[in-house]
Amino acid sequence: MLKYLINQSKLLLLSASFASIVHGICSVLLLAQISEALTSTASDQDEMALIFAVTALCVMLSYMVAAILFERLGQRAHSELRSFIAQRVIAADYRQLEQLGAARVQSALSEHCTRVAEFFVSFPVILTNAVVVAGCLVYMAFLSWQVFLLALAVIGFGSLGYHLAHLRAIKHLDIAAQEQDNLFAYFRSLTDGAKELRLNRDKRTAFYDDVLKRSIEKVRKERTFGMSVFVASASWGNFLIYAFIGLVLFLLVGDVPDRTLIMTGYALVFVYMVGPLEALLLNIPRANLAQVSANHIEEITHSMFSSESQTDKTDLPPLQSIALQRVLHRYYHEQKDEMFTLGPIDLQFCPGEITFLIGGNGSGKTTLAKLLVGLYPPEEGSISLNGKAIDDTNRDYYRQFFTTIFSDFHLFERLLETDHGNDLDQRGNQLLAKLHLQNKVKVQDGAFTTLTLSQGQRKRLALVIAYLENRPFLVFDEWAADQDPAFKEIFYYELLPELRAMGKAILVISHDDRYFHLADRVLRMENGRLIFDHRKATNTQAEITTPSVVTANSVT
Ligand SMILES: Nc1ncnc2c1ncn2[C@@H]1O[C@H](COP(=O)(O)OP(=O)(O)OP(=O)(O)O)[C@@H](O)[C@H]1O
């Protein structure tokens, strides 16, 4: 992931890195000049002052350029990551997304993105300071190769300790990153379960103490431990620096004739080098944290692969038929080690027909609807549209034939269809009046004026959108369950027949047995199997598996 971002902004990164390196080199040159000025007795002071001034100017300018470029890089990385993840989420197979869960996606889009973007803030600090330290070492080698060799030995020793600490710390940061995904799910429960938490004190206390607080604590503990290991290793590095300075000043240099002069030179280099070294040691953990987040984002986006080709805008041909042949879908419940199997199911749908899908809770009605509309690809069997088989290459195209209102439907504030023409507001408001919502909400500039409505009213808004979308096949999953009796009548007696008259194919998942007689066809499911299929128009009736389960009287 980091590599991808680095590749995306290669030129900017190269320029920023170049500016950082120039900054590091100029800083070391400045040091060399200070050292020379302190120890030399030369008479060309004016020339030295001029060179010093030019170098100082370069230090300032290169720092400014590097900082601005890296800030731009950080912001760009942040926005690119967000767009990248959002696009992957949009394109991902629906089932993958269901399995991944909203909390992990939220966590990737917010916290992990921020941490990766921070890499671009710590990167220039690391780069500049690495150059300063390297420059100081070169300067040291210039002063004495023995000291230089000792410095290399200390760096090697320090790096080994740092590497061992790194392995340990990363393990804990990984655990914290995983727990953070759970934490985001609990944060959602804070708002989604606001009513339940207020109504039940024990539940509220248990949720806060045993779930939320525990998770917050776990993230804190793991992250603190991981970062403490890094800080401890940074202190170890710090100690080594001072041990090195002591060794050089009191043992290596010894009692030489020019001791004061040599000591002044070394002292200056050391004092100058300590700051950058500390900054280096403290910023490397931040880069590591970014790497952990980048790995996490990669893992998440990897599990959101898309097996389908996306559809370009196409005009849909008239719907003639949709056929399901021996389609099958399984859900595996890992915790319970249980499998729910839907199918194999054979079905055919035609335009201008109202089909009711009925059956007990958990019998598989919604799952069948998801298979029918192409949200789930069949694990076995096939689906064909107008005689043409549907596969990964045309499933997105196939889905464009449907408008659905599932029980967990989502309303977008804007009417996002692109080809509504200029009269969108007018048509939207006419439909709002038709669905008795004209006093509650309006369509203005292609958007609803409010979505703060009752659940029944929100479902009517979803129906407005369904009318506007004007797709050939409509699927209503217990749409009327939240409607008052008067509007239920309107839905079943007026709206459904009107849609049928428009030539739409309609699948209504319903428990409203008072209206079953209005259907052209009734399907009943039980335990993932279609056990009853009755078509009124042709008066054909098929009891598909166990005839004793349903009697024709129950649906006619
Ligand atoms: N996303 C999912 N992941 C795993 N299992 C699921 C998922 N959705 C549904 N199931 C399981 O599949 C079975 C059928 O569920 P489905 O929602 O299709 O039933 P339904 O007939 O629509 O029920 P209801 O009338 O209560 O809405 C259930 O036993 C449920 O546990």
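Trainee: Which residues surround the ligand in this predicted model?

Mentor: The ligand has E98, Y331, F340, G359, N361, G362, S363, G364, K365, T366 and T367 around it.

Trainee: What makes a residue part of that shell?

Mentor: Its C-beta atom, placed from the backbone, has to lie within 6 Å of the molecule. E98 and K365 are among those that surround the ligand.

Trainee: Which helix gives the most to the shell?

Mentor: That's α10, residues 365–372, with 3 residues. By class, the shell has 2 nonpolar, 7 polar and 2 charged residues. Gly counts as polar, so G359, G362 and G364 in the shell go into the polar group.

Trainee: Okay, on to the helix pairs. Why is α3 called roughly antiparallel to α5?

Mentor: Helix α3 (residues 45–91) and helix α5 (residues 102–143) pack at an angle of about 155°, with their axes 9 Å apart. Angles over 145 degrees count as roughly antiparallel, so α3 and α5 get that name. Their crossing is right-handed.

Trainee: What meets what in α3 and α5?

Mentor: On the α3 side you'll find A66, F70, L73 and L81, among others, and they meet residues of α5 including V105, L109, F120 and V121. The contact of α3 with α5 divides into 18 nonpolar, 3 polar and 1 charged.

Trainee: How do you know that α5 and α6 are roughly antiparallel?

Mentor: Same kind of check. α5 and helix α6 (residues 145–192) pack at about 170°, with axes 12 Å apart. The cut-off is over 145 degrees, and therefore α5 and α6 are roughly antiparallel to each other. Among the residues making the contact are R104, E111 and L137 of α5, plus W145, D181 and R188 of α6. This contact of α5 with α6 has 12 nonpolar, 3 polar and 4 charged residues.

Trainee: And why are α12 and α13 called oblique?

Mentor: The axes of α12 (residues 424–434) and α13 (residues 455–469) come within 10 Å and cross at roughly 130°. Roughly antiparallel needs over 145 degrees, and roughly perpendicular covers 65 to 115. The angle of roughly 130° fits neither, so α12 and α13 are oblique to each other. The crossing is right-handed, and R427, G428, L431 and L432 in α12 meet V464, Y467 and L468 in α13. That contact has 5 nonpolar, 1 polar and 1 charged residues.

Trainee: Last one: which residues does the UniProt annotation "transmembrane region" cover?

Mentor: The unreviewed UniProt entry gives 48–70, 119–141, 147–165, 224–253 and 265–284. In the model, residues 48–70 are 100% helix, with end C-alpha atoms 32 Å apart. Residues 119–141 are also 100% helix, and their end C-alpha atoms lie 32 Å apart.

Technical notes: Residues are numbered from 1 along each chain as its sequence is written. This is a predicted model: local features need pLDDT of at least 70, side-chain atom pairs count only at pLDDT 80 or more; totals for chains, interfaces and linings use all residues. Helices (H or I, at least four residues) and strands (E, at least two) are DSSP runs, numbered from the N terminus. UniProt positions are given in the numbering used here, feature names are shortened, and annotations may be inferred rather than shown by experiment. Axes are lines fitted to C-alpha atoms, for helices over the stretch in contact, and angles run from 0 to 180 degrees between N-to-C directions. Angles under 35 degrees count as roughly parallel, over 145 as roughly antiparallel, 65 to 115 as roughly perpendicular and the rest as oblique. A crossing is left-handed if the near helix is turned anticlockwise from the far one by less than a right angle, and right-handed if clockwise. Two residues are in contact if their C-beta atoms, placed from the backbone, lie within 7 Å.
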